[in-house]
Amino acid sequence: MMISTKGRYALRVMLDLAQKPPEDYVALGGVAERQGISMKYLEAIVSLLNKAGFLESRRGKTGGYRLCRAPKEYTVCEILRAAEGGLSPVNCRACSDGDCPRADECSTLPLWQRLDQLVETFLQSVTLQDMLDGTLPDV
């Protein structure tokens with residue numbers, strides 16, 4: 001599976017916001033500067049995160065963004081899914097209907113299904129709080 005810059009940056013943005021006091025709204029300019037992300041790209045990523053219901057925004061002088069929930073309540077999996085749209089390890093696993101026309105004759109399909117399951121399980125087990133604490137679960 002290849003996580004794009006969009007997914008990696010989404011995770012960095014969420015971690016950046018998670019490091020701030022929960023009551024503070026954080027201006028995107030500061031996030032862009034700290035994370036080395038262009039403002040235009042950051043706005044697109046924040047739009048995805050906001051649409052997923054992960055962020056709360058406020059306009060005005062003291063405006064910006066903050067997390068809607070505590071860092072321990074966000075999994076890396078859901079953040080990456082919001083940014084990437086999906087996490088399938090290969091394109092054939094990403095079929096919208098889930099049915100591969102070659103499934104009956106494809107000897108590699110069980111491998112991709114198992115890999116998908118392992119990655120999903122691991123990413124579901126890691127929260128933003130785990131990332132902040134530097135404690136990743138054993139595999």
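This short talk walks through a few aromatic pairs, two helices and some loop residues of one structure.

Before I start, please keep in mind that what we are looking at is a predicted model, and that everything I quote was computed from it.

Let me begin with the aromatic rings. How many aromatic pairs does the count come to? The count comes to two aromatic pairs. In one of them, the rings of Tyr9 and Tyr41 have their centres 5.6 Å apart, and because their planes stand at 70 degrees, which is over the 60 degrees that the term requires, the pair is edge-to-face. This pair links distant parts of the chain, since Tyr9 belongs to helix H1, residues 5–18, while Tyr41 belongs to helix H3, residues 39–51, and the two tyrosines are 32 residues apart. Their surroundings can be described as well: Tyr9, at 18% relative accessibility, counts as buried, whereas Tyr41, at 27% relative accessibility, counts as partly exposed.

The other pair is formed by Phe54 and Tyr74, and this pair is also edge-to-face, with 5.5 Å from centre to centre and 85 degrees between the planes. Where do these two residues lie? Phe54 is in the loop between H3 and strand S1, which covers 55–58, and Tyr74 is in the loop between strand S2, at 64–67, and helix H4, at 76–84, so the pair ties together parts that are 20 residues apart in sequence. Phe54 has 5% relative accessibility and therefore counts as buried, and Tyr74, at 0% relative accessibility, counts as buried too. There is one further partner for the ring of Tyr74, because if you look for Arg69 you will find its charged end sitting over that ring, 4.1 Å from the ring's centre.

Let me now turn to helix H3. Its 13 residues, at 1.5 Å a residue, should span 18 Å, and the C-alpha atoms at its ends are indeed 18 Å apart, so the expected and the modelled span agree. Which residues of H3 are buried? Leu42, Ile45, Val46 and Leu49 are buried in this helix, and because they cover an arc of only 100 degrees around the axis, they are on the same side of H3. There is a general background to this kind of pattern: an α-helix has 3.6 residues a turn, so residues three or four places apart point the same way. On the other side of H3, by contrast, Lys40 and Lys51 are exposed. The cover over the buried residues of H3 includes H1, helix H2 at 28–35, both S1 and S2, and H4. Just after H3 comes Gly53, which takes a positive phi of about 85 degrees.

Helix H5 can be read in a similar manner. Here 17 residues at 1.5 Å a residue should span 24 Å, and the end C-alpha atoms are 24 Å apart, which agrees. Leu109, Asp116 and Leu123 are buried in H5, and because they cover an arc of only 70 degrees around the axis, they are placed on the same side of that helix. On the other side of H5, Leu111 and Thr121 are exposed. What do the buried residues of H5 pack against? They pack against H4.

I would like to finish with three loop residues. Thr75 is found in the loop between S2 and H4, and at 13% relative accessibility Thr75 counts as buried. The side chain of Thr75 makes a polar contact of 3.4 Å with the side chain of Gln124, and, leaving aside neighbours within four places in sequence, Thr75 is in contact with Leu123, Gln124, Val126 and Thr127. Looking from the partner's end, Thr127 lies in the loop between helix H5, residues 109–125, and helix H6, residues 128–133, and Thr127 counts as buried at 14% relative accessibility. Not counting residues up to four places away in sequence, Thr127 touches Pro71, Lys72, Tyr74 and Thr75, and among these you will recognise Tyr74 from the aromatic pair with Phe54.

The remaining residue is Gly63, which lies in the loop between S1 and S2 and which, at 13% relative accessibility, counts as buried. Gly63 touches Tyr25, Val26, Ala27 and Arg58, again not counting residues up to four places away in sequence. How many ångströms separate the C-alpha atoms of Gly63 and Tyr74, which are 11 residues apart along the chain? The separation between those C-alpha atoms is 23 Å.

Methods: Residues numbered from 1 in each chain as written. Predicted model: local features only at pLDDT ≥ 70, side-chain atom pairs only at ≥ 80, totals over all residues. Heavy atoms only, no water. Phe/Tyr/Trp six-rings, centres within 6.5 Å; stacked < 30°, edge-to-face > 60°. Helix = DSSP H or I, 4+ residues; strand = E, 2+ residues; numbered from the N terminus. Buried < 20%, exposed > 50% of the residue type's maximum accessible area, 1.4 Å probe, protein only. Lys NZ or Arg CZ within 6 Å of the ring centre and 35° of its normal. Expected span 1.5 Å × (residues − 1). Arc of directions from axis to C-beta. Contact = heavy atoms within 4.5 Å. Polar contact = N/O pair within 3.5 Å; in protein donor to acceptor, adjacent residues only side chain to side chain.
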